[in-house]
Amino acid sequence: ATMADGPSTAAAASVMDANNLSAGGAEGDDVGVHSTLSDFYIGLGLAVSSSLFIGVSFIIKKKALIKLASGDCTTRASEGGYGYLREWLWWMGVITMGMGEACNFAAYAFAPASLVTPLGALSVLVTAVLSSRMLKERLNLLGKIGCAVCLLGSTVIVIHSPKEEEVSSMAELALKMKDAGFILYVIFIIIVTLFIIVYVAPRYGRSNILVYISVCSLIGSFSVISVKGLGLAIKETLNGNQQFTNILTYFWLACVIACVSVQLVYLNKALDIYNTSMVTPIYYVFFTTFVILASSILFKEWSSLGASDIIGNLIGFLTTIIGIFQMQLFRDVNISLRQLRVLIHKPSSTLTQLEEQRDGYGMVRRNRKRKRRSNDTPLEGGMDEEERLLKGR
């Protein structure tokens, strides 16, 4: 009986051990999921804060450049001058942007780049609202609708974005940097940027808004990758794995400094020449596009997403772009909520009659001009038969 009980007891013990192991594994998975979601929400909060600071910084720097433009024109950024370095208001804008970039920097350490970067659309909303208040730039009804569309697109991006990162350590990042696709991308971006700086910018920079913004956006895709790498180094160091003895950390630091310096110079040139409400949205579209492209090549953050989430991300991004351009393309249209109500309640027949009458008078004027030019029929004072009929109608 004792020998018979032995195997059954051992089997029961093994089953209990297996259950305990399974429970421990499930508990570990729950902890991992909770940690991942916690990092996601921290990154989301930092990204939103970053957009608020950066949006405000655009307004402050623009006010400084406007103040500088009223003085000596040779010191303007668009003329190659650096007079803005002596303007305290410009430095306040730089400090505000630095706070935003610091939040952005921290956000990349906690959340995927494909989430953090598109949320920069919120800075466009902040800039649009504040520029209408502080810079006297217009934000009509269509612009306000565009702001709402941008918020809707950003929400869709947050819902469908990846909740975890594909690269979680410097060792994994070093391996991914050896990928042939990423190396070709780096070479291509460097060649195109140098061509724009050396050849295109001196000739077309003052007449085409895309020139300076393209330089900022191309270099900006490198700055985000560099910030992401530096953020991983700091995060690993805080977790006990020292990374400041790793030469790759200092490589990312040098890249961040170089990229941000180039972006500051060319963004100042664009802001000095063109309207803030045009620079900000176009910069967002170009910058976000190149960052998503670069992060998809290097980090492969979308590899864990399903087809529905990928489509949702693309739709959210396109919705945000539509909202941004709606704010800008129709910013000069004189339309308000009151005018919209009048238009809605006005009978369609009245509108049709007004349009016909306007077209009829236009035709009469064109005919009279032709008669004057040809001198076929001398015009006497008063209206001709055609015009009298139109007026009577």
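# Exercises on an all-helix predicted model

Helix α5 spans residues 141–160, 20 residues in total, and its first and last C-alpha atoms lie 29 Å apart, close to the 28 Å expected at 1.5 Å a residue. The model is predicted. The exercises below start from the fold and work through helices, cores and surface.

## Exercise 1. The fold

Determine how many helices and strands the protein chain has, and how the chain is packed overall.

*Solution.*
Step 1. Count the elements. The protein chain has 14 helices and zero strands.
Step 2. Write the order from the N terminus. It reads α-α-α-α-α-α-α-α-α-α-α-α-α-α.
Step 3. Check burial. Of 393 residues, 41% count as buried.
Step 4. Look at contacts with a separation of 6 or more. Residues 24 or more positions apart account for 80% of them.
Step 5. Take the surface. The accessible surface comes to about 21400 Å², and carbon and sulfur atoms hold 65% of that.

## Exercise 2. Helices α4 and α5

Compare the span of helix α4 with the expected value, then list the buried residues of α4 and α5.

*Solution.*
Step 1. Take the length of α4. Residues 121–134 make 14 residues.
Step 2. Take the span. From first C-alpha to last, α4 reaches 20 Å, close to the 20 Å expected at 1.5 Å a residue.
Step 3. List burial in α4. The buried residues are A121, L122, S123, V124, L125, V126, T127, A128 and S131.
Step 4. Do likewise for α5. Its buried residues are L141, G143, G146, C147, C150, G153, S154, I157 and V158.
Step 5. Recall the helix geometry. An α-helix has 3.6 residues a turn, so residues three or four places apart point the same way.
Step 6. Look past the end of α4. K136 follows this helix and has a positive phi, near 60°.

## Exercise 3. Where α1 meets α4

Decide whether T127 and I59 are buried or exposed, and find what each one touches.

*Solution.*
Step 1. Place the residues. T127 lies in helix α4, and I59 lies in helix α1.
Step 2. Apply the cut-off for burial, under 20% relative accessible area. T127 is buried because its relative accessibility is 2%. I59 is buried because its relative accessible area is 1%.
Step 3. List the contacts of T127, leaving aside neighbours within four places in sequence. They are G55, F58, I59, T276 and T280.
Step 4. List those of I59, not counting residues up to four places away in sequence. They are T127, L130, S131, M134 and L135.
Step 5. Add a distance. I59 and V126 are 67 residues apart in sequence, and their C-alpha atoms are 9.2 Å apart.

## Exercise 4. The nonpolar cores

Find which residues of the largest nonpolar core touch the most other members, and which helices supply the core.

*Solution.*
Step 1. Name the hubs. The largest core has 57 residues, and L173, W252 and V279 touch the most other members.
Step 2. Name the suppliers. At least two residues each come from α1 (2–69), α2 (88–110), α3 (113–116), α6 (170–176), α7 (180–204), α8, α9 and α10 (276–298).
Step 3. Find the largest share. α8 gives 15 residues.
Step 4. Inspect L173. Leaving aside neighbours within four places in sequence, L173 is in contact with V167, G229, L232, W252, L298 and F299.
Step 5. Look for another core. A second, separate one has 15 residues, including V124, I157, Y284 and F317.

## Exercise 5. Two residues at 0%

Identify the helix and the contacts of T288 and of A270.

*Solution.*
Step 1. Take T288. This residue lies in helix α10 and is buried because its relative accessibility is 0%.
Step 2. List its contacts. Beyond four places in sequence, T288 is in contact with T117, P118 and F317.
Step 3. Take A270. This residue lies in helix α9 and is buried because its relative accessibility is 0%.
Step 4. List its contacts. Beyond four places in sequence, A270 is in contact with Y212, I213 and V279.
Step 5. Add a distance. A270 and N208 are 62 residues apart in sequence and 9.6 Å apart, C-alpha to C-alpha.

## Exercise 6. The nonpolar patch

Find which residues make the nonpolar surface patch, and classify L253.

*Solution.*
Step 1. List the members. I234, L238, F244, Y250, L253 and I257 make a patch of about 580 Å².
Step 2. Assign the elements. α8 (209–238) and α9 (247–273) each give two or more residues.
Step 3. Find the largest share. α9 provides three residues.
Step 4. Classify L253. This residue sits in helix α9. L253 is partly exposed because its relative accessibility is 36%.

How values were computed:
Residues numbered from 1 in each chain as written. Predicted model: local features only at pLDDT ≥ 70, side-chain atom pairs only at ≥ 80, totals over all residues. Heavy atoms only, no water. Patch = residues over 30% accessible without salt bridge, like charges linked within 9 Å, V, L, I, M, F, W, Y side chains within 5 Å. Areas by Shrake-Rupley, 256 points an atom, 1.4 Å probe, with all protein chains shown as cover. Salt bridge = Lys/Arg side-chain N within 4 Å of Asp/Glu carboxyl O. Helix = DSSP H or I, 4+ residues; strand = E, 2+ residues; numbered from the N terminus. Buried < 20%, exposed > 50% of the residue type's maximum accessible area, 1.4 Å probe, protein only. Expected span 1.5 Å × (residues − 1). Contact = heavy atoms within 4.5 Å. Core = buried A, V, L, I, M, F, W, Y, C linked by side-chain atoms within 4.5 Å.
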